Amino acid sequence: MSTDLGLPPVLDPETAKNVLLAAPRGYCAGVDRAVITVEKALDLYGAPVYVRKQIVHNKHVVSDLESRGAVFVEELDEVPAGQTVVFSAHGVSPAVHAEAQERGLKTIDATCPLVTKVHHEAKRFAGDDYDILLIGHAGHEEVEGTAGEAPDHIQLVESPADVAHIEVRDPAKVAWLSQTTLSVDETLETVAAIREKFPLLLDPPSDDICYATQNRQLAVKEIAKDADLVIVVGSGNSSNSVRLVEVALEAGAKASYRVDDASEIDEAWLEGVSTVSVTSGASVPEDLVDGVLSFLAERGYPDAKAVHSAEESLIFALPPELRRDLRAAQRA
Ligand code: 10G
Ligand code: SF4
C-alpha cells in the first residue's frame, strides 16, 4: 500500500491529493511482547486465560483475543482460584502481585520492561527517602502501578498548573519520574515548572518517556506540518494515541482526529483536503492502518508515501515464567 523510498516525500502538485504515512507507527516492542504473551498462553494452557485489565489499550486487540478465549477482568477477585492470569503491559503495583499470591493464582507478568525500569527508579528514590513527583495522568493503570511501588513517597503531577500546590518534606530531596507515554514537549514544560520551584530537583537516570513514544511523536510532527488532515488510528483510552492527535495539531496540522478504524472516519473531514497524513498509536495493529489507507484510496487518494523519522529494532524476550513453561512443553 505504501511506496517506501526512505526519502522525504515529494508531493505531487499534479494530483492535488497526497497521503503521507508516518514511520515509525503502530506496535512498540512492549505491546508486541504483551500480545504474543497472551496468544502463547492460550496455545499452551488452553482457554480461558484471564488477563487483568486490557492487555493493551486497543479495543480490536482485546476483542480479537477475547474471541480466542482470553477473559479480561478488572480485578483479581474475578479470577477463579487456581487459574492463570496475565498482567497487562502497563504494569501493576506490588499490592496486586501480593493479592495474586495470596489467592494462589498463577501469574504471567506482561509489564513492559521499560515500565518495570520506572518502577525500579521509584523504589530507588523512595529507598533514599526522596519525595517523588510522578508526572502522569490520574487513573491511568501505569500511574497506579508505578505509584503503588512507593505510595508514601510519590505524588502525582498532571500539568504545570499542579506545581503551585505541591508540598514536599525537604525541597533539597525531590526527584521526578514520568509515565512512559506522555507528550515529550508538555512533560518538559512540567519539569521546568517543578525545577523553578525546587532548583535541586533530581532527574531520572534515563528518559522515562520511552523510545517508542518519542519516535511516534517525532514521526507525527514530520507528517503533520504540511497536512490538511492527520488521522491517528488508536483507541480512546490509549494515552499515547491521544497524545499523537495533540502533537499533530501543535505541529501545524489544520485538523486531526483519532479513529479506532476506518469506519469512524467522517467523509466531511475530507472536504477540500489535499494532503492527508496517517499514523497509529503504539497499541494499534497494522491492518487497521491498511483499512484507513484503503478507505482513502476508494475516495481518490493515491498510494501513501512513507516518511521515515527513526529506525526501530528493539525486541523484548517473553516473560521468563512463560518461557520456562514453553521450554517444559517442548521437552515433554
Ligand atoms: O498509551 P497507553 O499508556 O494508554 O497504552 P497503550 O496500550 O495504548 O499503548 C502501549 C503503551 C503501554 C503498554 C504503556 S507502557
Ligand atoms: Fe513499553 Fe514504551 Fe511500548 Fe509502553 S509504549 S509498552 S513503555 S515500549
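**Aromatic pairs.** I searched the whole structure, which is a predicted model, for aromatic pairs, and the search returned two of them. I noted for each the distance and the angle, since a pair of aromatic rings is described by the distance of the centres and the angle of the planes.

I took Phe125 and Tyr130 to begin with; their rings lie 5.9 Å apart from centre to centre, with 50 degrees between the planes, and the pair is recorded as tilted. I then looked up the accessibility of these two residues and found that both Phe125 and Tyr130 are buried.

I turned next to Tyr257 and Trp269, whose ring centres are 4.0 Å apart and whose planes meet at 10 degrees, so I entered this pair as stacked, the limit for that label being planes under 30 degrees apart. Tyr257 belongs to strand 11, residues 256–259, while Trp269 is in the loop between strand 11 and strand 12 (275–280), and the pair therefore ties together parts that are twelve residues apart in sequence. I also looked up the accessibility of Tyr257, and I list this residue as partly exposed because its relative accessibility is 33%, which falls between the limits of 20% for buried and 50% for exposed.

**Charges over rings.** I checked which rings have a charged side chain over them, and I noted the charged end of Lys17 over the ring of Tyr301, at 4.6 Å from the ring centre. I also noted Arg299, which lies over the face of Phe295 at 3.6 Å from the centre of that ring.

**Ligand 2.** I asked myself which residues surround ligand 2. I found Cys28, Gly30, Cys112, Leu114, Thr180, Thr181, Cys210 and Tyr211 around ligand 2. When I sorted this shell by residue character, I obtained five nonpolar residues, three polar ones and no charged ones. I then looked up the space that ligand 2 takes, and I found that this space is the largest cavity.

**Backbone geometry.** I looked here for departures from the usual pattern, in which most residues other than glycine have a negative phi and most peptide bonds are trans.

I found a cis peptide bond from Ala23 to Pro24, with omega near 5 degrees, and I placed Pro24 in the loop between strand 2 (18–23) and helix 1 (29–45). I found that Ala47 and Pro48 are also joined by a cis peptide bond, with omega about -5 degrees, and that Pro48 lies in the loop between helix 1 and strand 3 (49–52).

For positive phi outside glycine I noted Lys53, where phi is near 70 degrees. I located Lys53 in the loop between strand 3 and helix 2 (59–67), and I count Lys53 as buried because its relative accessible area is 8%. I made a similar entry for Asp129, which is not a glycine and yet has a positive phi of about 65 degrees. I located Asp129 in the loop between helix 4 (113–127) and strand 7 (131–135), and with a relative accessible area of 37% I count Asp129 as partly exposed.

**Sequence and space.** I closed with separations along the chain set against separations between C-alpha atoms. I started from Val232, which is in strand 10, residues 229–233, and which is buried, with a relative accessible area of 0%. I found Val232 and Leu200 to be 32 residues apart in sequence and 39 Å apart in space, from C-alpha to C-alpha.

I then took Val73, a residue of strand 4, residues 70–73, which is buried at a relative accessible area of 4%. Between Val73 and Glu39, which are 34 residues apart along the chain, I read a C-alpha separation of 17 Å.

My last entry is Lys305, which lies in strand 13, residues 304–308, and counts as partly exposed at 24% relative accessibility. How far apart in space are Lys305 and Leu20, given that 285 residues separate them in sequence? I found 4.9 Å between the C-alpha atoms of Lys305 and Leu20.

Notes. Residues are numbered from 1 along each chain as its sequence is written. Chains are lettered from A and ligands numbered from 1 in the order in which they are written. This is a predicted model: local features need pLDDT of at least 70, side-chain atom pairs count only at pLDDT 80 or more; totals for chains, interfaces and linings use all residues. Side-chain values use heavy atoms; hydrogens and water are left out. Rings of Phe, Tyr and Trp (its six-membered ring) pair if their centres lie within 6.5 Å; planes under 30 degrees apart count as stacked, over 60 as edge-to-face and the rest as tilted. Buried means under 20% relative accessible area, exposed over 50%, partly exposed in between (1.4 Å probe, protein chains only). Helices (H or I, at least four residues) and strands (E, at least two) are DSSP runs, numbered from the N terminus. A charge sits over a ring if NZ of Lys or CZ of Arg is within 6 Å of the ring centre and within 35 degrees of the ring normal. A residue is near a molecule or strand if one of its heavy atoms lies within 4 Å of it. On a 1 Å grid over the protein atoms alone, a cavity is a set of points where a 1.4 Å probe fits but cannot get out, and a pocket is an open set with protein on both sides within 12 Å along at least five of seven lines; lining residues have an atom within 4 Å of a point. A molecule sits in a cavity or pocket if more than half of its atoms lie within 2 Å of its grid points. Ala, Val, Leu, Ile, Met, Phe, Trp, Tyr, Cys and Pro count as nonpolar, Asp, Glu, Lys and Arg as charged, and the others, Gly among them, as polar.
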